Amino acid sequence: MTTSTTTIDLFQDQLKNFKALLNGSKMAEVSSIILAVFSVGAAFISRNNLEQAIPLLLGALAQIIYAIKYLQINNIKQKAYTQTSLNSGVLKFKQYILKREKYEMSVMAFYMVTLVPFALSYKSITVVITVCLISLAFVSFLGFLAFKKVDSNIELLEITLKNKPQ
């Protein structure tokens, strides 16, 4: 195998890993929009009860703002990649993840709180609070694991980009 083939294979591997990270981020954006749509739908169902509808709409708004402000990857994605543009993309993605990691749990916690009045119409307060706390703990744990994995993938990408064969 020639050095040229090894370099091309390594670059293709790096690009594949980077695109997987971008796809994961796109899924986070889609999930945020799904939560917003759910809240709008629940608000529509509760339109005669403002104590339920307003928090649901606030939760939807929070998800939409979060998706627009922190989940957009348009400035990172490119049509074609070179070694230099991949390096730049990884750096931008790292900054994007750090910014996202800073706010994600706060947005999710706020969103869960906005669901409480709606959920109370179906169950007792003890059940709702218990479910919210368990859900928040579960989402926090999964988010922590996901960010750790993304951080290690970015670090690995950075190492392989720095140590590329000449």
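Is Glu 29 buried or exposed, going by its relative accessibility? At 11%, Glu 29 counts as buried, even though its side chain takes part in a salt bridge with Lys 26. Keep in mind that this is a predicted model. Here's a quick tour, taking in the salt bridges, the aromatic rings, helix H2 with its nonpolar patch, and a few distances across the chain.

**Salt bridges**

- The count of salt bridges comes to 2.
- One of them joins Glu 29 and Lys 26, with 3.0 Å from N to O.
- These two residues sit 3 residues apart in helix H1, so about one helical turn separates them.
- Glu 29 is buried at 11% relative accessibility, while Lys 26 is partly exposed, at 33%.
- Another salt bridge links Glu 104 with Arg 100, and here the closest N and O atoms are 2.8 Å apart.
- Glu 104 and Arg 100 both belong to helix H3, where they are 4 residues apart, or about one turn of the helix.
- Glu 104 has 16% relative accessibility and counts as buried; Arg 100 is buried too, with a relative accessible area of 9%.

**Aromatic rings**

- Searching the whole structure turns up 4 aromatic pairs.
- Take Phe 18 and Phe 93: their ring centres are 6.1 Å apart and their planes meet at 80 degrees, so this pair is edge-to-face. The cut-off that matters here is that planes over 60 degrees apart count as edge-to-face.
- Phe 18 lies in helix H1 (residues 3-45) and Phe 93 in helix H3 (residues 83-120), so the pair ties together parts of the chain that are 75 residues apart in sequence.
- Phe 18 is buried, with a relative accessible area of 0%, and Phe 93 is buried as well, at 1%.
- Tyr 96 joins in too: Phe 18, Phe 93 and Tyr 96 make up one aromatic cluster.
- A ring can also have a charge over it, and that's what you'll find at Phe 44: the charged end of Arg 47 sits over its ring, 4.2 Å from the ring's centre.

**Helix H2 and the nonpolar patch**

- Helix H2 covers residues 50-70.
- How far should the 21 residues of H2 span at 1.5 Å a residue? The expected figure is 30 Å, and the end C-alpha atoms are 29 Å apart, which agrees.
- On the surface there's a nonpolar patch of about 550 Å², made by Leu 50, Ile 54, Leu 58, Leu 61, Ile 65 and Phe 110.
- Which helix gives the most to that patch? It's H2, with 5 residues.
- Leu 50, one of the patch residues, has its place in H2 and counts as exposed at 53% relative accessibility.
- H2 has buried residues as well, among them Gln 52, Pro 55, Leu 56, Gly 59, Gln 63, Tyr 66 and Tyr 70. Several alanines of H2 are buried too, including Ala 53, Ala 60, Ala 62 and Ala 67.
- Ile 68 is also found in H2, and this residue is exposed, with a relative accessible area of 57%.
- Lys 69 lies in H2 as well and counts as exposed, at 52% relative accessibility.

**Distances across the chain**

- From Ile 68 to Met 105 you travel 37 residues along the chain, and their C-alpha atoms are separated by 16 Å.
- Lys 69 and Leu 35 are 34 residues apart along the chain, with 16 Å between their C-alpha atoms.
- Ala 42 is in helix H1 and is buried, with a relative accessible area of 4%. Its C-alpha atom is 8.8 Å from that of Leu 57, which lies 15 residues away along the chain.
- Where is Phe 138 found? Look in helix H4 (residues 125-162). At 53% relative accessibility, Phe 138 counts as exposed.
- Phe 138 and Gln 14 are 124 residues apart in sequence, and in space they are 31 Å apart from C-alpha to C-alpha.

Key
Residues numbered from 1 in each chain as written. Predicted model: local features only at pLDDT ≥ 70, side-chain atom pairs only at ≥ 80, totals over all residues. Heavy atoms only, no water. Patch = residues over 30% accessible without salt bridge, like charges linked within 9 Å, V, L, I, M, F, W, Y side chains within 5 Å. Areas by Shrake-Rupley, 256 points an atom, 1.4 Å probe, with all protein chains shown as cover. Salt bridge = Lys/Arg side-chain N within 4 Å of Asp/Glu carboxyl O. Buried < 20%, exposed > 50% of the residue type's maximum accessible area, 1.4 Å probe, protein only. Phe/Tyr/Trp six-rings, centres within 6.5 Å; stacked < 30°, edge-to-face > 60°. Lys NZ or Arg CZ within 6 Å of the ring centre and 35° of its normal. Expected span 1.5 Å × (residues − 1).
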